[in-house]
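User: I'm new to reading protein models. Could you walk me through this one, feature by feature?

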Amino acid sequence: MESNCVQFLGNKTILITGAPGFLAKVLVEKILRLQPNVKKMYLLLRAPDEKSAMQRLCSEVIEIDLFKVLRNDLGEENLNALVREKIVPVPGDISIDNLGLKDTDLIQRLWSEIDIIINIAATTNFDERYDIGLGINTFGALNVLNFAKKCVKGQLLLHVSTAYVSGEQSGLLQEKPFNMGETLNGNRTLDINIERELMKQKLKELQDFSEEEISQTMKDFGMARAKLHGWPNTYVFTKAMGEMLMGKYRENLPIVIIRPTMITSTIAEPFPGWIEGLKTLDSVIVAYGKGRLKCFLADSNSVFDLIPADMVVNAMVAAATAHWGDTGIQAIYHVGSSCKNPVTFGQLHDITARYFAKRPLVGRNGSPIIVTKGIILPTMAQFSLYMTLRYKLPLQILRLINIVYPWSHGDNYNDLSRKIKLAMRLVELYQPYLLFKGIFDDLNTERLRMKRKENIKELDGSFEFDPKSIDWDNYITNTHIPGLITYVLKQ
């Protein structure tokens, strides 16, 4: 292991995929801020050409609030100069061979220069189209691996997966790799190539359908294939298959797989509370704060495994530092909080309720939105019964009224019906995580933390990723929810 993570990053050439994404941006900002002597960062972005890739880099990465600390420290001109010197936006697509790169000179340059590849690119939609999920999360991972094996200086591939490749298993979930063809239900053998052929056959059958029909059918097909093999949704199923392919075909290339849990706003760097978009827990918090969440499916005693984004990035860099050049290694790290510092849904609900009671959101009419604590139902059966009695039966009455007096309530029935169907679909998608009974063992990650503390003297704790340091009440109340309100709701 190098003397510290900052020193390790110096003079390295790094290829990062998924650059416009939340986690990748936190990583890029961190490297630029702490190690401006990084040799080069090639950022793979989906774009038709170099000009469009540069536009995306500027508008979706460098110009956003995340970079305000660097902007304030360096000044706009110096930051732009640093970006021009250190960052090269590359138009590409990991779902295509050679990462979709068309310039043969650029491909040869990358193969000769790159020291580390960090693959963060993914589609995270739970019910993604099966063709898209396979293309990016499964075979995209294989394409990145094959590209990495051609890099003559490359001594590490770091791949970001998800802890929830474990499916709905309960108990202590270990940091262990998948075997090729392994399933979670043990009922059958999984053949990834057959899955791809089935996907292609399904698309062929749909060639005369509308784009909307194709999209919905492919989403349903992905969910069906996932559940057949024991996974709850297309996202985690395709991510698990991606891990299998990387493990099978890695040869001597060192591979580190980072499995984060539910990633939340930054806790410290570059400043507390930065977040982009609504993550898993945030949809619930915002709906509650807006007074739209009267009841919810969850087990108050279930552990909600949250981890701030900057801690995930810190663990990534520490793992890369530890395993640089470890020929043939495949190391897996759970980066979460459930094992060392668990927080339950009941605790999160109480913290959120207290927050909005004291600091309510403001409605469109300018008045504060008063929220009640709401009802938490611990089983899907109870939730379905509640929805039937509270919403579905009144909806049927409204439907009858609309038939008899079609002018009386306009399109209320269709509008409410659509909202109820959407709510039920979202609950079904999130159910495996709302009622999750697993705890993610992080023994490998704890060893990494201990090794870092013993061997590395970091400045100002810049690479902290110990969840025991998180005060959940303080973090949710004073960092996470204010960050959501500022950077997502723009209030």
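Analyst: We'll go through the sheet, a helix pair, the empty spaces and two backbone oddities. This is a predicted model, so local features need pLDDT of at least 70 and side-chain atom pairs count only at pLDDT 80 or more, while totals for chains, interfaces and linings use all residues. Residues are numbered from 1 along each chain as its sequence is written, and side-chain values use heavy atoms, with hydrogens and water left out.

User: Let's start with the sheet. In what order do the strands of the open sheet come?

Analyst: Strands of a sheet pair through backbone hydrogen bonds, either parallel or antiparallel. Strands here are DSSP runs of E with at least two residues, helices are runs of H or I with at least four, and both are numbered from the N terminus. Two strands pair if DSSP finds at least two bridges between them. In this model, 7 strands make an open sheet with parallel pairing, in the order 3-2-1-4-5-7-11. Strand 3 (87-91) and strand 11 (330-335) sit at the edges with a single partner strand each, so one side of each has no neighbour in the sheet. From one strand to the next, the twist averages 15°.

User: How many bridges join strand 2 to strand 3?

Analyst: There are 5 bridges between these parallel strands. One to look for pairs Y42 with V88 of strand 3. Lying across strand 2 and strand 3 you'll find helix 5 (residues 76-86), which runs at about 60° to strand 3. Such angles run from 0 to 180 degrees between N-to-C directions, and axes are lines fitted to C-alpha atoms, for helices over the stretch in contact.

User: At what angle do helix 11 and helix 13 pack?

Analyst: Helix 11 and helix 13 (residues 345-358) pack at about 40°, and their axes are 10 Å apart. Contact means heavy atoms within 4.5 Å. The contact uses L281, I285, Y288 and G289 from helix 11, plus L348, H349, T352, A353 and F356 from helix 13. By class, that's 6 nonpolar, 3 polar and no charged residues. For these classes, Ala, Val, Leu, Ile, Met, Phe, Trp, Tyr, Cys and Pro count as nonpolar, Asp, Glu, Lys and Arg as charged, and the others, Gly among them, as polar.

User: Now the empty spaces. How much space lies in the largest pocket?

Analyst: Rolling a probe the size of a water molecule over the atoms shows where empty space is left. On a 1 Å grid over the protein atoms alone, a cavity is a set of points where a 1.4 Å probe fits but cannot get out, while a pocket is an open set with protein on both sides within 12 Å along at least five of seven lines; lining residues have an atom within 4 Å of a point. Grid points are joined across faces, edges and corners, and a volume is the space filled by probe spheres set on the points. The largest pocket holds about 1300 Å³. It has 48 lining residues, with A122, T123, T124, Y235 and K279 nearest its centre. The lining has 27 nonpolar, 14 polar and 7 charged residues.

User: And how many cavities of 30 Å³ or more are there?

Analyst: The count is 2. The largest cavity has a volume of about 150 Å³, and 16 residues line it, with V284, Y288, L293, F345 and H349 closest to its centre. The second largest cavity holds about 60 Å³. Its lining has 10 nonpolar, no polar and no charged residues, and helix 12 gives the largest share, 3 residues.

User: Finally, which residues does the cis peptide bond join?

Analyst: Most residues other than glycine have a negative phi, and most peptide bonds are trans. Here a cis bond joins E269 and P270, with omega about -5°. P270 is in the loop between strand 8 and helix 11. L99 isn't a glycine, yet has a positive phi of about 60°; look for L99 in the loop between strand 3 and helix 6 (104-113).
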